[in-house]
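Colleague: Thanks for sharing this one. Could you walk me through it?

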Amino acid sequence: MTREGWLRLCVSCLFPPVSQRSGAQRTRLYLRLPLQAVPLHTSPWEEISYDARVRQNVDGRSARAWLHVWVPAALGGAALALAFPGPGLTPLVFLMPALVLEAVHGAGSGRRALAAGWLAGTVQWIVAANWVVPVMHNFGHLPLALAVACLVAMAAILATTWAAAAWVTWLAQPALRPWVFPAAWIALDALRRWTPYNFPWNPVANACAFDPSLLGSLPVWGATGLSWAILAAGAGAWAMTRRPGRRSGALIVGVATVLTVIMSLVAPHPRPEGPAVAVAALQPGTPVSLKWDPAAAEKIFGQVLAMSREAADRGATLIAWPEGAVPYTLERDPAYRQAVTSFARRFQTSIVLNSIGIDPDGAYANSAYLVTPGGISPHRYDKIHLVPFGEYVPFFGKFAFARGLVREVGHFTPGHDVSPLDDGRLRLGMAICFEIVFGDHVAAEVRRGANVIVTISDDGWYGYSWAPHQHFGQAVLRAAETRRWVVRAALTGISGFISPEGRVTARRGVGTSGVLMHQIRPCGGLTPRVRFGDWWLLVCLSGTFAGLVISWRQRRDRASRSAV
């Protein structure tokens with residue numbers, strides 16, 4: 001027998017099993033003993049003994065830490081980023097929870113678990129939102145190095161929700177961590193919907209947006225529920241690779257699968273109301289650099305009118321113009337206003353268009369107008385969720401490098417009214433640009449009576465990057481959640497029509513121009529996701545709290561038994 005073997009034998013004989021010692025005694029024991037002296041009967045599923053051993057023998061710079069903490073964390077973030085639309089490697093989405101759990105489980109301390117979660121989130125955002133760099137460099141006129149620094153800073157801020165989820169997961173007992181992680185991640189990642197983040201971009205469910213067979217449950221528990229199911233399946237698969245956790249892991253996978261099937265079976269079907277309506281979505285393909293050229297304004301407007309005439313000749317009764325389609329202001333340019341209203345009256349069609357709205361007090365809004373054969377609707381929609389660092393950051397417009405991003409005004413004033421635009425046949429719930437990623441916003445519009453969702457956007461800033469694909473995928477999620485047709489008109493793509501089941505029935509890719517036409521039917525009824533809000537988020541909050549309480553009580557009971 002080797003010297004290390006004799007040492008193990010002596011320690012096992014001289015010291016009672018770890019389970020018979022108090023928590024403080026266990027910690028002191030492992031602080032005194034080298035790695036080779038750790039008793040053979042310890043298990044990674046015995047929380048205190050395992051974590052004490054890791055704290056003593058794996059510091060943040062060791063090879064073991066790199067192998068079991070930092071590498072899995074970074075790979076987990078990259079896996080989720082590559083699963084999103086763009087690269088579209090959907091199966092990788094199930095690796096993220098497994099890799100992050102591996103990092104949290106091997107961290108050995110709450111501080112290291114928090115750092116591992118932060119690393120995973122930072123990597124995810126750097127990879128998934130790499131399109132921030134060309135936007136800041138080409139249109140913000142930042143040096144490339146500073147543009148990269150902006151991306152890293154943004155990623156580090158958004159990754160704080162990942163860090164918090166990893167830390168909360170580490171607080172739970174090892175056997176409960178596969179159960180707690182999916183709920184904690186959903187609960188804490190939801191913070192991105194509100195201040196100071198205001199950026200709920202790319203929920204986990206977006207990785208499955210273009211597979212309609214996986215979207216059947218969305219009308220009941222929304223993208224939040226599907227995201228939880230994906231995370232739970234990955235967490236359960238990870239637990240199944242660990243001998244003490246195989247049964248628990250199989251149970252987690254089973255629960256996630258069964259719940260997804262049940263939600264899909266009980267999901268309400270679309271409820272069409274009224275006849276089909278011919279709708280057109282325009283995609284002029286105007287590059288961002290051209291649309292701000294005053295000399296090109298008349299040409300741009302002429303192209304949009306010609307495309308609208310083509311749509312009207314083909315029978316369109318509603319034409320959606322994309323955000324920023326024409327560089328004129330409807331309320332300030334009488335000739336432009338006259339041309340648009342005359343067109344709608346002549347061709348007996350309605351037009352949804354975007355323009356700068358001007359309030360009586362002089363404030364600006366990013367607005368959507370409905371022009372009918374009878375004139376401009378008195379109700380306009382003002383964008384509520386403004387783009388961070390583009391439409392509402394007060395100091396941003398003061399810097400010279402930002403003028404390319406906010407050329408019209410320094411900042412916009414957010415709107416408050418989600419009432420639909422009504423042309424007598426369709427009640428249009430509006431989402432300008434990235435507002436479509438706010439599920440609660442679209443649900444509120446449907447509760448106010450919207451029977452069709454129209455989202456207009458200018459994604460020309462992002463070129464041929466992954467951003468237009470990620471953006472379009474989230475429009476698919478809103479269609480499936482609300483059981484409404486979604487009409488998307490984007491200046492440079494992707495434009496398209498999405499059925500109430502989440503199927504893309506027509507689309508036009510990035511960098512092309514043309515007119516998309518489709519027959520759609522307005523739909524009524526409220527899905528559970530719309531009627532009750534994001535109720536599965538409350539389930540995740542409750543599950544996280546319950547997991548932590550159970551862990552605390554088990555620790556307390558174990559300590560009481562050891563002290564007797």
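Colleague: What percentage of the contacts with a separation of 6 or more comes from residues 24 or more positions apart?

Modeller: Happy to help! This is a predicted model, where local features need pLDDT of at least 70, side-chain atom pairs count only at pLDDT 80 or more, and totals for chains, interfaces and linings use all residues. Residues are numbered from 1 along each chain as its sequence is written, and side-chain values use heavy atoms, leaving out hydrogens and water. With contact taken as heavy atoms within 4.5 Å, the share in the protein chain is 71%.

Colleague: How much of the protein chain is buried?

Modeller: Buried means under 20% relative accessible area, exposed over 50%, and partly exposed in between, with a 1.4 Å probe and protein chains only. The chain has 564 residues, and the part that counts as buried is 56%.

Colleague: How many residues does the largest nonpolar core have?

Modeller: Such a core joins buried Ala, Val, Leu, Ile, Met, Phe, Trp, Tyr and Cys residues through side-chain atoms within 4.5 Å. Trp185, Trp228, Leu428, Met430, Val487 and Phe497 have the most contacts inside the largest one, whose count is 123 residues.

Colleague: And which helix gives the largest share of this core?

Modeller: Helices are DSSP runs of H or I with at least four residues, numbered from the N terminus. The largest share is 13 residues, and it comes from residues 218-240, helix H11.

Colleague: Is Gly254 buried, partly exposed or exposed?

Modeller: Gly254 lies in helix H12, residues 246-266. Because its relative accessibility is 28%, Gly254 counts as partly exposed.

How values were computed
Helices (H or I, at least four residues) and strands (E, at least two) are DSSP runs, numbered from the N terminus.
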